[in-house]
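Here are my notes on the model you sent round. Please read them with the coordinates open.

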Amino acid sequence: MSTAAAPLAQEVVHQLDAVALVHPPPRIVGLHVPADLDNPSASPRDAAFCAIELEDGAFGLSYLLLGDTLRQWMASDNARAGAHPLRGRCPLELARRFATHDGLDRALALACINALTDSAWRRLQYEPPAADNSLGDIALHPDDHLGMIGFFPPLVRQVQATQAELTVVELNDDMVRRQQARFPGVRITTDRSTLAHCNVVVGTSTMLLNDTLDTMLAAAHRALRFAVIGPSAGLWPDALFARGVTLLGGTRIVDGDGFREAMASGASWSGTARKFALSATDWPGWRRLLARRG
């Protein structure tokens, strides 16, 4: 697996700046958060998804590694801006905060990055290929050894059905203990060096938020396939492919009205979204794609 020299955030923002010269970014309509996030009586969340919506109907999702931080931010008078936090702001300015070390800034920045990508793809009339399975279109065989970065409980049985070997790498000791109690037959560890034994790796897009992608790629140096999947993986894939990622599996909101209603009511929004999978071998490159209609 190769590793690019420039920081990921720098590459991503540089690309967004170049795209904005051809397609100026629309303003933010609003920030969508789970219905009970600013309810003081609700139990604190370990994590949740938020979404940035732009004026042209584009959406960008991001995972929140925050506990109670976003609820506190939403409750502040300055941040709320009435009932419409971030309305009227430029998403490209917020996207530049992806280079910071603040968890909330990075989460909101990634949501803006994904929204800007969705906006550009809409203007280019580009439809990313639909994903065929929950593993980011990665087919497993009995002789494969899958490294899973970030635990995906619903996928464990899917992996086990293929009889492939499974190793899960987590960053949190408490999470390892909890998941080991739930899945005693699964190898779960915080030791990323175990990825050296895996020929296939699937990692959650949380690696984009906690800035661990490069270290995980380096640890999985024998992996022939390395997928980054999850709702937060809705960005242009070029910087990831340059680093050695072979597949990006993201999520696009295709029913804006339904998504808004689901977020406002606390219902599942999965039916309003479409999963896609981009392969490094088939991706034309952002410059070529932009030139089609630029």
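The points below go from confidence to sheets, then to cores and one buried residue.

1. Confidence. This is a predicted model. The average pLDDT of the protein is 88, and 85% of the residues reach at least 70. One stretch deserves caution: over residues 40–46 the pLDDT stays under 50. The model still gives that stretch 13 contacts beyond four places in sequence. I would read those contacts with the low score in mind.

2. Overall make-up. The protein has 12 helices and 10 strands. Of its 294 residues, 52% are buried. Among contacts with a separation of 6 or more, 66% join residues 24 or more positions apart. The exposed surface comes to about 13,300 Å². Carbon and sulfur atoms supply 49% of that area.

3. The three-stranded sheet. This sheet is open, antiparallel, and ordered 1-2-3. Strand 1 (28–32) and strand 3 (59–64) are the edge strands, each pairing on one side only. Neighbouring strands here are turned by 20° against each other on average, direction ignored. Strand 1 runs antiparallel to strand 2 (residues 48–54), and four bridges join the two. Within strand 2, Ile-52 is the residue opposite Leu-31.

4. The helix on that sheet. Helix 5 packs on the sheet and touches strand 1, strand 2 and strand 3. Its direction makes about 155° with that of strand 3.

5. The seven-stranded sheet. A second open sheet has the order 6-5-4-7-8-9-10, with mixed pairing. Which strands stand at its edges? They are strand 6 (187–189) and strand 10 (273–279). Each has a single partner strand, so one side of each is left without a neighbour in the sheet. Neighbouring strands of this sheet are turned by 20° against each other on average, with direction ignored.

6. The strand 9 and strand 10 pair. Strand 9 (residues 247–253) pairs with strand 10 in the antiparallel sense, over seven bridges. Leu-248 stands opposite Leu-278 of strand 10. Leu-248 is also one of the residues touched by Leu-240.

7. The largest core. The largest nonpolar core holds 65 residues. Ile-52, Leu-213, Phe-226, Val-228, Trp-236 and Leu-240 have the most contacts inside it. Helix 5 (residues 103–124) gives the largest share, 13 residues. Ile-52 thus appears twice in this note: in this core, and opposite Leu-31 in the three-stranded sheet.

8. Leu-240 and its neighbours. Leaving out residues up to four places away in sequence, Leu-240 touches Leu-8, Leu-208, Leu-213, Val-228, Leu-235, Val-245 and Leu-248. Two of the names on that list, Leu-213 and Val-228, are also among the residues with the most contacts inside the largest core.

9. The other core. Apart from the largest core lies another, of 22 residues. Its members include Phe-152, Val-168, Val-202 and Leu-247.

10. Thr-204. Is this residue buried or exposed? Its relative accessible area is 16%, under the 20% cut-off, so Thr-204 counts as buried. Thr-204 lies in strand 7 (residues 200–204). Beyond four places in sequence, Thr-204 touches Ile-149, Gly-150, Phe-152, Val-228 and Ile-229. Val-228 is named in the largest core, whereas Phe-152 belongs to the core of 22 residues. Thr-204 therefore touches a member of each core, and is itself buried.

Note on methods
Residues numbered from 1 in each chain as written. Predicted model: local features only at pLDDT ≥ 70, side-chain atom pairs only at ≥ 80, totals over all residues. Heavy atoms only, no water. Pairing = 2+ DSSP bridges. Axes fitted to C-alpha atoms, helices over the stretch in contact; angles between N-to-C directions. Buried < 20%, exposed > 50% of the residue type's maximum accessible area, 1.4 Å probe, protein only. Contact = heavy atoms within 4.5 Å. Core = buried A, V, L, I, M, F, W, Y, C linked by side-chain atoms within 4.5 Å. pLDDT = per-residue confidence, 0-100. Areas by Shrake-Rupley, 256 points an atom, 1.4 Å probe, with all protein chains shown as cover.
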